[in-house]
Amino acid sequence: MYKIAVIPGDGTGPEVAREGLKVLEQASKKFGFKYETKVFDFGGQRYLNTGKVLEDSDIVELKKYSAIFLGAIGHPDVKPGILETGILLKLRFAFDQYINLRPVKLYNAKFCPLRDKKPEDIDFVVVRENSEGLYKGMGEFKSKGSSDEVAIQISYNTRKGVERCIRYAFEYTRKRNNKKKLTLCGKTNVLTYAWDLWQRTFNEVAGEYPDVTTDYAHVDATTMWFVKNPEWFDVIVTDNMFGDIITDLGAMIQGGMGIAAGGNINPQGVSMFEPIGGSAPKYTGKNVINPLAAICAVGMMLENLGEAEAAKAIEQVVIGIVNKDLKSLAAGKMGYSTSQVGDLVIKRLE
Ligand code: IPM
Ligand code: MN
């Protein structure tokens, strides 16, 4: 029996989460696994009503669950940073979800903004470190507000943190397919402390994986290759900040935020799955947002829980819908409403 904590969150989060849960229900019927859900109202609205983001007692409660399914966090009436650090990053850190796994897979060439790129050209996974780096929130102001002000923001990288991420990436690469190529994406030419540690650790761990081909690309060049030669990539491992940036570009080349899903993974603990597109406030309540990213996140969650067959089936259904039904992957242009897309997935899954 899987216990799923659901955080629908803000904006279009509840709409896409609802479709994701419909698909979870259908998948459980078809593949015979049992689950229960509990909804938690963490998000912008609750913060505006109560002043609360995420309490330590909430973390204790969430620890009882097999996984967390998140819609979106972000509210136009809340100052940037409060909900992000108070909820999303707090969850990632509290559960030590040290991997942010972001597959970049093009399902239909028609939805790719790059000319002449086909699904077989855009099929890679970014393993983003998810617990350290610039996201650690370390730093300080000196002489704040004065003309001599200095703002320091530290990228914090530990050998243990870097190594566990790199090891995960090697294991993942070994199992993913026959390409078995892992690219380290960094900035060794400028960030000579952090990326020296990353590069050394990468080279050392690589010695244990002779079957995996390794490569290195600077982060700026990586963004260039994403556009020019995305077919070069199989698995990419990178730090928290670079991973954040390159996966937005990754989402665009796979067809947009409407289809991009990710998992915040603690291989030994509670992991959290989410569409990576955010709360899209302007589409809230209109039943026009694309729920496929949330549905793919449910697929990733099932894969992670050990329901590989159900995960595979969901992906196949999504591929079919992206190829045969949808006019576009963008909100309001799909030719279907949010709930109709969810219904289609369910029907095809039957
Ligand atoms: C993401 C988001 C978050 C991040 C924000 C909302 C804090 O952009 O999941 O990529 O920067 O990690
Ligand atoms: Mn991001």
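Arg-46 and Asp-58 are both buried in this predicted model. Their side chains meet in a salt bridge, with 3.9 Å from N to O. The pair ties together distant parts of the chain: Arg-46 belongs to helix H2 (residues 44–50) and Asp-58 to helix H3 (residues 56–62), twelve residues apart. That bridge is one of 28 salt bridges in the structure.

Another of these pairs is found within a single helix. The side chains of Glu-171 and Lys-175 form a salt bridge at 3.5 Å, again N to O. Why do these two sit about one helical turn from each other? They are four residues apart in helix H5 (residues 159–176), so about one helical turn separates them. As for cover, Glu-171 is partly exposed, at 28% relative accessible area. Lys-175 has a relative accessibility of 64%, so it counts as exposed, the cut-off being over 50%.

A further salt bridge brings Asp-220 and Lys-187 together, with 3.1 Å from N to O between their side chains. Here, too, distant parts of the chain are linked: Asp-220 lies in helix H7 (residues 219–228), while Lys-187 lies in the loop between strand S8 (181–186) and helix H6 (194–206), 33 residues away. Is each partner buried or exposed? Asp-220 is partly exposed, with a relative accessible area of 43%. Lys-187, on the other hand, has a relative accessible area of 16% and is therefore buried, as the limit is under 20%. Beyond such pairs, there is also a network: Arg-159, Glu-163, Arg-167, Glu-204 and Glu-208 are joined into one by salt bridges that share partners.

Next comes ligand 1. Which residues are around ligand 1? The list runs to Glu-84, Leu-88, Arg-92, Arg-102, Arg-128, Tyr-135 and Asp-244. Helix H4 (residues 82–94) gives the largest share of this shell, with three residues. Several of the surrounding side chains come up again when the oxygen atoms of the ligand are considered. An N or O atom in the side chain of Arg-92 is 2.7 Å from a ligand oxygen. For the side chain of Arg-102, the corresponding distance is 2.8 Å, and for that of Asp-244 it is 2.9 Å. Taken by itself, ligand 1 exposes 320 Å², of which the protein buries 76%. The space that ligand 1 takes up is the second largest pocket.

The last stop is the loop between strand S12 (271–275) and helix H9 (292–305), where Lys-282 has its place. With 62% relative accessibility, Lys-282 counts as exposed, because that value is over 50%. The C-alpha atom of Lys-282 is 8.6 Å from that of Thr-12, although the two positions lie 270 residues apart along the chain. Asn-290 is found in the loop between S12 and H9 as well. What is the relative accessible area of Asn-290? The value is 5%, so Asn-290 is buried. Its side chain reaches two backbone oxygens: that of Gly-258 at 3.5 Å and that of Leu-329 at 2.9 Å. The loop thus holds both an exposed residue, Lys-282, and a buried one, Asn-290.

Definitions and conventions
Residues are numbered from 1 along each chain as its sequence is written. Chains are lettered from A and ligands numbered from 1 in the order in which they are written. This is a predicted model: local features need pLDDT of at least 70, side-chain atom pairs count only at pLDDT 80 or more; totals for chains, interfaces and linings use all residues. Side-chain values use heavy atoms; hydrogens and water are left out. A salt bridge is a side-chain nitrogen of Lys or Arg within 4 Å of a carboxyl oxygen of Asp or Glu. Buried means under 20% relative accessible area, exposed over 50%, partly exposed in between (1.4 Å probe, protein chains only). A residue is near a molecule or strand if one of its heavy atoms lies within 4 Å of it. A polar contact is a pair of N or O atoms within 3.5 Å; within protein, one must be able to donate a hydrogen and the other to accept it, and residues adjacent in sequence count only if both atoms are side-chain atoms. Accessible areas come from the Shrake-Rupley method with a 1.4 Å probe; for residues, only the protein chains shown count as cover. On a 1 Å grid over the protein atoms alone, a cavity is a set of points where a 1.4 Å probe fits but cannot get out, and a pocket is an open set with protein on both sides within 12 Å along at least five of seven lines; lining residues have an atom within 4 Å of a point. A molecule sits in a cavity or pocket if more than half of its atoms lie within 2 Å of its grid points.
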